[in-house]
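Visitor: I would like to go through this model with you and ask, at each step, what the reasoning behind a label is.

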Amino acid sequence: MEDNLIYMKRCIELASKEIGNTYPNPLVGCVIVYENKIIGEGSHQAYGDKHAEVNAINNVNDKNLLKDSTLYVNLEPCNHYGKTPPCTDIILKYKIKNVVIGSSDPNRMVEGGGIKRLEANGCNVTYGVLENECNHLNKRFLTYHKQKRPYVILKWAESNDGFISPIKSEREVYWISGDKSKKLSHGWRSEEHSILVGVQTIIDDDPMLTTRLVDGKNPIRIILDPNCRIPVNSKVFSKDSKTIILSKTKNNSIEKNIRIINYDKMEFILRSLYDLKLQSVIIEGGAKTIKNFLDHDSWDSIRIFKSNQNLKNGIKSPEIDISEFEKTIIGDDTLYEFER
């Protein structure tokens, strides 16, 4: 039905506004319709807060209309107790007979249980409306639960002549991309659960790895540092966000930060992030770290800013065929994007 598509699109729109705010929970929007009119809607806005279905029902002024209404939600309602009671409880409490769902929840505590309970209690459940779009919205959540690893984004900036960085003698950031690209990058950071760089990037650039150019949450900072070479005065040790070091050795001079010992394989890195319950990670450097993920085919999305400036020499950017990438002009830069 065309109406189902319209209202499910609204669920997706509501949920999309909360990208980056709900970890480790998924993005969920809910719409309640009575006689072809939306009488209540809501979204899940933060971990531990009310779920989308509860917010939507609470926003309905006349609760007597609920029994003759249709509830639309982009993800299967939960059927277990967590930070909040099951959403199936409130749906059944108000005798909502018609429920339209976008995609199923892969979380082992749900996995179809919400749909089964609703149907067992007399609800007419329609499943799979705009399923691909709903799955794409929660690609991070789905990757984490189905593949047992975070959703991986590779991102870098390179010069027109193919260098990711000049050879530097001082510890400072050299910006290849322009201001609009930098602001967009910080917006991306706010959407992801974590950000990862290799220790050489910390030594060379001393980045903060925060979202300071936009209004958004800072991702958890991950540093690949096999031999604990990270300087103790590095900006990533600020209190702006949590910092986690993946290392083969201990460094007793670094306090109040989590250290993962004895990592030596890509599989262990991704497994460590999964065990830390990190659903997504944006890899921002350096060239060696990005190449490692490329060589192991451990990525879901690639984003490359290509500048119009030439460096003539420096550290070569990763080599990859961008002929099938989507191309967008961002200020003086060109953004190339590809998502599997």
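Visitor: Which residues lie nearest the centre of the largest cavity, and how many residues line it?

Guide: This is a predicted model, and in it the largest cavity is lined by 14 residues, with Tyr23, Asn25, Leu27, Asn138 and Arg140 nearest its centre. Helix α6 (residues 139-147) gives the largest share of that lining, three residues, and the lining as a whole divides into six nonpolar, five polar and three charged residues.

Visitor: What makes this space a cavity, and how many cavities of 30 Å³ or more does a search of the whole structure find?

Guide: A space is called a cavity because a 1.4 Å probe fits there but cannot get out. The search of the whole structure finds one cavity of 30 Å³ or more, and about 100 Å³ of space lies in the largest cavity.

Visitor: What is the volume of the largest pocket, and which residues lie nearest its centre?

Guide: The largest pocket has a volume of about 1100 Å³; it is lined by 49 residues, of which Gly198, Thr201, Gly285, Gly286 and Ala287 lie nearest its centre. Among the elements that give two or more residues to this lining are α7, β8, α8 (199-205) and α10 (287-295), and the lining residues divide into 20 nonpolar, 14 polar and 15 charged.

Visitor: Why is histidine 193 called buried?

Guide: Histidine 193 has a relative accessible area of 13%, and buried means under 20%, so histidine 193 counts as buried. It lies in the loop between α7 (179-191) and β8 (194-198), and, leaving aside residues up to four places away in sequence, it touches Tyr23, Pro219, Ile220, Lys277, Leu278, Gln279 and Ser280.

Visitor: Tyr23 has now come up both in the cavity lining and among those contacts; what kind of peptide bond joins tyrosine 23 and proline 24?

Guide: The bond that joins tyrosine 23 and proline 24 is cis, with omega about 5°, and proline 24 lies in the loop between α1 (2-16) and β1 (29-34). The peptide bond from glycine 285 to glycine 286 is also cis, with omega near -5°, and glycine 286 is placed in the loop between β12 (280-283) and α10.

Visitor: Why do aspartate 206 and leucine 209 count as buried?

Guide: Aspartate 206 has 11% relative accessibility and leucine 209 has a relative accessible area of 2%; because buried means under 20%, each of these values earns the label. Aspartate 206 is in the loop between α8 and β9 (220-224), and leucine 209 is found in the loop between α8 and β9 as well. Neither residue is a glycine, yet phi is positive, near 50° for aspartate 206 and about 60° for leucine 209.

Visitor: Is glutamate 319 buried or exposed, and what makes it so?

Guide: Glutamate 319 counts as exposed because its relative accessibility is 77%, and exposed means over 50%. Glutamate 319 is found in the loop between β14 (315-316) and β15 (326-330); its C-alpha lies 9.4 Å from that of leucine 294, although 25 residues separate the two in sequence.

Visitor: How do you know that the radius of gyration agrees with that of a compact globule?

Guide: For 340 residues a compact globule would have a radius of gyration near 20 Å, and the protein has 23 Å, which agrees. Of its residues, 53% count as buried.

Terms used:
Residues are numbered from 1 along each chain as its sequence is written. This is a predicted model: local features need pLDDT of at least 70, side-chain atom pairs count only at pLDDT 80 or more; totals for chains, interfaces and linings use all residues. Side-chain values use heavy atoms; hydrogens and water are left out. On a 1 Å grid over the protein atoms alone, a cavity is a set of points where a 1.4 Å probe fits but cannot get out, and a pocket is an open set with protein on both sides within 12 Å along at least five of seven lines; lining residues have an atom within 4 Å of a point. Grid points are joined across faces, edges and corners, and a volume is the space filled by probe spheres set on the points. Helices (H or I, at least four residues) and strands (E, at least two) are DSSP runs, numbered from the N terminus. Ala, Val, Leu, Ile, Met, Phe, Trp, Tyr, Cys and Pro count as nonpolar, Asp, Glu, Lys and Arg as charged, and the others, Gly among them, as polar. The radius of gyration is taken over C-alpha atoms; the globule rule is 2.2 Å times the number of residues to the power 0.38. Buried means under 20% relative accessible area, exposed over 50%, partly exposed in between (1.4 Å probe, protein chains only). Contact means heavy atoms within 4.5 Å.
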